[in-house]
Amino acid sequence: QVQLVESGGGLVQPGGSLTLTCAASGNIFSIAAWGWYRQAPGKERELVAGITSDGTANYSDSAKGRFTISRDTAKKSAYLQMNMLKTEDTAVYYCNAAVSGYAGSYYSQHWGLGTQVTVSS
């Protein structure tokens, strides 16, 4: 079993910053990639940022220049630093990880339960 737990969400004013953390635990041999997604009310879940095990990162157009994704392999954690937050960034943010349980096994996708980010004055 693999668990992903997000933390760091909250209420912030426009222009402010937040850092989200995703901690993975359980039967983990390696993590091939991490992703941060978000879902606003009435909208579909969308990819915000992703990072592979070699550190290659990609961002949605809305996140470029404002958000930074990183990961700590030893801590089995990923982070999303969000700066210059806008009201339209308000959403539930979910962590995703591609995890293998032992050497040579396939990777399976896992999701956290999400953390609420509200940007409002």
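**An all-strand chain, from its surface to selected residues**

The accessible surface of this chain comes to about 6,400 Å², and 51% of that surface belongs to carbon and sulfur atoms. I should say at once that what you have in front of you is a predicted model, and that I will go from the whole chain to a handful of residues.

As for secondary structure, the chain has zero helices and eleven strands, so that, read along the sequence, the pattern is β-β-β-β-β-β-β-β-β-β-β. On overall dimensions, the C-alpha trace spans about 50 × 25 × 25 Å along its principal axes. The radius of gyration is 14 Å, which agrees with the value near 14 Å that a compact globule of 121 residues would have. Of those 121 residues, 39% count as buried, and among the contacts with a separation of 6 or more, 55% are accounted for by residues 24 or more positions apart. On charge, the chain carries 9 positive and 8 negative side chains, and the centres of these two sets lie 3 Å apart.

Let me now turn to single residues, beginning with Asp89. Asp89 sits in the loop between strand 8, residues 77-82, and strand 9, residues 91-100. Is this loop residue buried or exposed? Asp89 counts as buried, because its relative accessibility is 0%, where the cut-off for buried is under 20%. The side chain of Asp89 reaches the backbone nitrogen of Lys86 at 2.7 Å. Leaving out residues up to four places away in sequence, Asp89 touches Arg38, Arg66, Phe67, Met84, Val117 and Val119.

One of those partners, Met84, deserves a word of its own, since Met84 is found in the loop between strand 8 and strand 9 as well. At 48% relative accessibility, Met84 counts as partly exposed, whereas Asp89, as I said, is buried. Met84 also has a positive phi, about 50 degrees, although it is not a glycine. Most residues other than glycine have a negative phi. A further residue with a positive phi that is not a glycine is Lys76, at about 55 degrees. Lys76 lies in the loop between strand 7, residues 67-72, and strand 8, and with a relative accessible area of 31% it is partly exposed.

Strand 7 itself brings us to Ser70, which has its place there and which is partly exposed, with a relative accessible area of 31%. Ser70 touches Ile51, Ala78 and Tyr79, not counting residues up to four places away in sequence. As for Val48, which is 22 residues from Ser70 along the chain, the two C-alpha atoms are separated by 13 Å.

I would next like to take Phe29 and Ser100 together. Phe29 is placed in the loop between strand 3, residues 18-26, and strand 4, residues 30-39. Phe29 is exposed, because its relative accessible area of 52% lies over the cut-off of 50%. What does Phe29 touch, if we do not count residues up to four places away in sequence? The residues are Ser100, Gly101, Tyr102 and Ala103. In addition, Phe29 and Ser105 are 76 residues apart in sequence, and their C-alpha atoms are 9.1 Å apart in space.

Seen from the other side, Ser100 belongs to strand 9 and is buried, with a relative accessibility of 2%. Leaving aside neighbours within four places in sequence, Ser100 is in contact with Asn27, Ile28, Phe29 and Ser30, and also with Ser105, Tyr106 and Tyr107.

My last residue is Pro14, whose place is in the loop between strand 2, residues 10-12, and strand 3. At 41% relative accessibility, Pro14 counts as partly exposed. Apart from its neighbours within four places in sequence, Pro14 is in contact with Leu85 and Thr87, and with Val119, Ser120 and Ser121. Val119 is a name we have already met, as one of the residues that Asp89 touches. Pro14 and Thr118 are 104 residues apart in sequence, and the distance between them, C-alpha to C-alpha, is 9.5 Å.

To close, I would leave you with the buried Asp89, whose side chain reaches the backbone nitrogen of Lys86, and with the contact between Phe29 and Ser100, in which Phe29 is exposed and Ser100 is buried.

Note on methods: Residues numbered from 1 in each chain as written. Predicted model: local features only at pLDDT ≥ 70, side-chain atom pairs only at ≥ 80, totals over all residues. Heavy atoms only, no water. Helix = DSSP H or I, 4+ residues; strand = E, 2+ residues; numbered from the N terminus. Buried < 20%, exposed > 50% of the residue type's maximum accessible area, 1.4 Å probe, protein only. Polar contact = N/O pair within 3.5 Å; in protein donor to acceptor, adjacent residues only side chain to side chain. Contact = heavy atoms within 4.5 Å. Rg over C-alpha atoms; globule rule 2.2 N^0.38 Å. Areas by Shrake-Rupley, 256 points an atom, 1.4 Å probe, with all protein chains shown as cover. Lys, Arg positive; Asp, Glu negative; His and termini not counted. Charge placed at Lys NZ, Arg CZ, Asp CG, Glu CD.
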